[in-house]
Number of protein chains: 2
Amino acid sequence: MARLSSHDVRERLLEAGVRTFSKAGFNGCSVQDITDAAGVPKGSFYNHFESKEALGAAALQHYWTDGACDQLKILTRLDMSPRERLRTYFEEATAEMAQIGFTCGCLVGNMAAELSDHSPIIAIQLSAIFLGWSGQVAECIRAAQAAGEIESNADPDQLAAFVLNAWEGAVLRARIEKADRPLRQFIQTLFTILLR
Amino acid sequence: MARLSSHDVRERLLEAGVRTFSKAGFNGCSVQDITDAAGVPKGSFYNHFESKEALGAAALQHYWTDGACDQLKILTRLDMSPRERLRTYFEEATAEMAQIGFTCGCLVGNMAAELSDHSPIIAIQLSAIFLGWSGQVAECIRAAQAAGEIESNADPDQLAAFVLNAWEGAVLRARIEKADRPLRQFIQTLFTILLR
DNA sequence: AATTTTAAGATGACCGGTCATATTGCGGAA
DNA sequence: TTCCGCAATATGACCGGTCATCTTAAAATT
């Protein structure tokens, strides 16, 4: 059996990291759990990452730039109106969460809860991720306002931050209830009240 | 030095559990961390709780019924109007979070992120806590609507769930940023847009 | 003296991380 | 083209320490 290239090993560890951290939490899994999930020998781990925390930071980045950003592209599609894009974005996210049985939740939220007090590096990353995320949503809200799809002319940045905060909370509750009810309720409230 | 009564030891473990789980997370601290924080011998732990998870469940209950409920009483005070009560409630919570330097966050949210997939007992408790919490806030919103303090006549339960979701998200972001900005912004958005 | 409760210390599995050694692909010397 | 030397990577046994939990002798209570 051919050996994996160095790049492949690193990639596998990143993806296994995202999966394993999402499922079990940063402190809820071991480095061995991750190498097992990646199908990589334990000893290889430290050739690619200097510590578990370093993998945490890299996996978070990987999740955001290679995984979550695909969904974010919905927000800039041109085949839908801004308001439709927003709705589709949260409906897609709901469907994805349903598909995995409401386990895991959002890696960004999980890492925020577990590590923001203890890993400054990851806290800074999380801050940047939330900023970018909020900015994208704000842009879409701004466009919806310009298109006359939203009554309120409140500050889009303020609205976006509030909406994403509520989304994080809804994800938490969906995970507890193992049902899409909190997510559906979030969408309904969002579009019938806040972005009416 | 006189020995502590059995009841005191249990109480100390509960309070140390709340403190330690809040600071370090459930998987981020050891049983010994908790017994040290409680100032009780480590051998005593299993005389009072059958497992770390059992303490987790008991501490969560203790936090909710003996700690957080004090703040919840603001929502039913009669010396303020319903809308004022709501604002005071979130401002008090903001002040408390500022006082501890934006570490810890909310035990309910932290445990939800860390344990809702792995501890059914705690998941059920979390579900009940959110339900009760949401109900209290909904009642206050309903009263505010009745008093004509809020324009929107949207379903109070739906509003309350959305508001608490957003609060959980805001707490997460305040913890990341180590600043009250996300909490202040939450309050501002809440009262100038959602509960206008 | 009999019974219950306490808590010190033990237990072995497991933790994040390191090690010596084996293997590899590659640039340059022939 | 062939070969060599070498840096980078692969590997799993292994490190000291910590984990959640248990055992048990001593202390307190009856």
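What follows is a short dialogue on how terms are applied to a predicted model.

Tutor: This is a predicted model, where local features need pLDDT of at least 70 and side-chain atom pairs count only at pLDDT 80 or more, while totals for chains, interfaces and linings use all residues. Residues are numbered from 1 along each chain, chains are lettered from A, and side-chain values use heavy atoms, without hydrogens and water.

Student: Why is the pair Arg77(A) and Asp79(A) called a salt bridge?

Tutor: A salt bridge needs a side-chain nitrogen of Lys or Arg within 4 Å of a carboxyl oxygen of Asp or Glu. The N to O distance between Arg77(A) and Asp79(A) is 3.1 Å. That fits the definition, so the name applies.

Student: Why is Asp79(A) called exposed?

Tutor: Exposed means over 50% relative accessible area, buried means under 20%, and partly exposed is in between (1.4 Å probe, protein chains only). Asp79(A) has 54%, so it counts as exposed.

Student: What makes Arg77(A) partly exposed?

Tutor: Its value is 37%. That lies between the two cut-offs, so Arg77(A) is partly exposed.

Student: How do you know that Glu91(B) and Arg87(B) form a salt bridge?

Tutor: Their closest N and O atoms are 3.6 Å apart. That is within the limit, so the pair counts. Both residues lie in helix α5 of chain B, four residues apart, about one turn of the helix. A helix here is a DSSP run (H or I, at least four residues), numbered from the N terminus.

Student: Where do Glu91(B) and Arg87(B) stand on accessibility?

Tutor: Glu91(B) is partly exposed at 33%. Arg87(B) is partly exposed at 32%. Elsewhere, salt bridges with shared partners join Asp117(A), Arg175(B) and Lys178(B) into one network.

Student: How many salt bridges are there over all chains?

Tutor: The search of the whole structure finds 20.

Student: What describes the packing of two helices?

Tutor: The angle between their axes and the distance between the axes. For α5 and α7 of chain B, these are about 140° and 7 Å. The axes are lines fitted to C-alpha atoms over the stretch in contact, and angles run from 0 to 180 degrees between N-to-C directions.

Student: What makes the relation of chains A and B a two-fold axis?

Tutor: A turn of 180° and a shift of 0.0 Å along the axis lay chain B on chain A, with an RMSD of 0.1 Å. That is the two-fold relation. The superposition is by least squares on C-alpha atoms of residues with pLDDT of at least 70 in both.

Notes
Helices (H or I, at least four residues) and strands (E, at least two) are DSSP runs, numbered from the N terminus.
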